[in-house]
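Visitor: I'm new to this one. Could you walk me through it?
Guide: Go ahead and ask; here it is.

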2 protein chains.
Amino acid sequence: MKLLKQKVMNEGIVLGSGVLKVDSFLNHQMDPVLMREVGREFTRRFAGEEITKVLTIESSGIAPGIMTALELGVPLIFARKQKSLTLTEDIFVEKVYSFTKKESNEITVSKKFIAAGERVLIVDDFLANGEAAFGLARIVEQAGGSVAGIGIVIEKSFQPGNRLLQEAGYRLESLVRIASLEDGRVTFMEEDEVLPG
Amino acid sequence: MKLLKQKVMNEGIVLGSGVLKVDSFLNHQMDPVLMREVGREFTRRFAGEEITKVLTIESSGIAPGIMTALELGVPLIFARKQKSLTLTEDIFVEKVYSFTKKESNEITVSKKFIAAGERVLIVDDFLANGEAAFGLARIVEQAGGSVAGIGIVIEKSFQPGNRLLQEAGYRLESLVRIASLEDGRVTFMEEDEVLPG
């Protein structure tokens, strides 16, 4: 997605150890026109799929998620992140480990919002190790629904999330794929390129 | 706002002690068409104001915020909530007390996203005591910007936020105003009605 690639090139800041800061348009300040285009692009890419809901995770997934849901004409659900939980009766809970923050969170979705048989599109801002996407997928499957696809705004293709999700059989669409953040610069994957290993 | 009022009537759940649960369309599951209409309505109401940015707070403010920013053609910033902070050099920090959760959070915005002279529209999902709105306003003012207005999706008019914000001189627009949640039911304010005290 050209507009997004340009934004990453012009405004992305490469920090040490594989971190790309995009807080001027995606993670803290957000560009609403870009978010609308992201929603349209996911809708175009998943046009062949029957989708009844979009599922994302707070906080940075909400803007791309709501724009995708608007284009698709279905509700958005955002999973909540919590350090620890007491009551769990009416919610689905999955544990998700963040390699960036080196901590585990419980992610939760109220049981009343995903019914058996639903076809859920998962949307998130970043894909690295795939922990959040797998956690969201497990919630959909706990509910007796199925994952219609996984839409990622920025994929760090040098981390294993892409490979693991594809091996698990999920249809994955990443709008921008980053081959490397080495030497302080962003190198994009070529279209349809596959990294070795 | 009629569509929103209907949603509150049909899907809002009154819990004890002044809590209105709207997790089927605003706080957990979100209705994207309603969010777009909320964005359009804020844009209509604040049409006379010069606005350079929209500011909200994670997580439930992001969807109405991004739709408002899209209509206005300006960026959205969402403030982050944190329990406690270590580094504070390049961020604005304000303490906000939540009466519902009985805890204080630090809310933060990166200094690079609000410049002196900016005219900021604050958007949030709920107004009760006004703690979050005041915290966001103080951040705008710390930056040398000014508050163009405060847009609230659902106002609990029986709590003091409305009065306190108006007394402080802010222009406030609430799309739905609730006079009472007593006896387990929602009573709306009449247009332009003012509660005694």
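Guide: One term to begin with: a polar contact is a pair of N or O atoms within 3.5 Å; within protein, one must be able to donate a hydrogen and the other to accept it, and residues adjacent in sequence count only if both atoms are side-chain atoms. This is a predicted model, in which local features need pLDDT of at least 70 and side-chain atom pairs count only at pLDDT 80 or more, while totals for chains, interfaces and linings use all residues. Residues are numbered from 1 along each chain as its sequence is written, chains are lettered from A and ligands numbered from 1 in the order in which they are written, and side-chain values use heavy atoms, leaving out hydrogens and water.

Visitor: OK. How many residue pairs are in polar contact across the interface of chain A and chain B?
Guide: The rule finds 15 such pairs there, both residues at pLDDT 80 or more.

Visitor: Which elements of chain A touch chain B?
Guide: Those giving two or more residues are β3 (29–30), α2 (32–45), α3 (62–72), β5 (76–82) and β7 (103–110) of chain A. Helices (H or I, at least four residues) and strands (E, at least two) are DSSP runs, numbered from the N terminus. The most comes from α3(A), with 6 residues.

Visitor: What classes of residue are on that side of chain A?
Guide: It has 19 nonpolar, 8 polar and 7 charged residues. Here Ala, Val, Leu, Ile, Met, Phe, Trp, Tyr, Cys and Pro count as nonpolar, Asp, Glu, Lys and Arg as charged, and the others, Gly among them, as polar.

Visitor: How many residues does each chain put into the contact?
Guide: Chain A gives 34 residues and chain B gives 34 residues, where contact means heavy atoms within 4.5 Å.

Visitor: And what area is buried between them?
Guide: About 2,600 Å², with carbon and sulfur atoms giving 64% of it. Buried area is the accessible area (1.4 Å probe) that two parts lose on being put together, summed over both. On chain A's part, H28(A), Q29(A) and L70(A) supply 25% of the area buried against chain B, more than any other three residues.

Visitor: Do any strands pair up? I mean, which strand of chain B does β3(A) join?
Guide: β3(A) is joined by 2 bridges to β5 (residues 76–82) of chain B, and the two run antiparallel. Strands pair if DSSP finds at least two bridges between them. Q29(A) has I77(B) as its bridge partner in β5(B).

Visitor: Salt bridges next. How many cross the interface?
Guide: The rule finds 2 between chain A and chain B, taking a side-chain nitrogen of Lys or Arg within 4 Å of a carboxyl oxygen of Asp or Glu. D23(A) and K112(B) form a salt bridge at 3.3 Å, N to O. Over all chains, the whole structure has 36 salt bridges. D23(A) is in the loop between β2 (19–21) and β3 of chain A and K112(B) is in the loop between β7 (103–110) and β8 (119–127) of chain B, so the pair joins two chains.

Visitor: Any odd backbone spots? Where is the cis peptide bond in chain A?
Guide: It joins E58(A) and S59(A), with omega about -5°. S59(A) is in the loop between β4 (53–57) and α3 of chain A.
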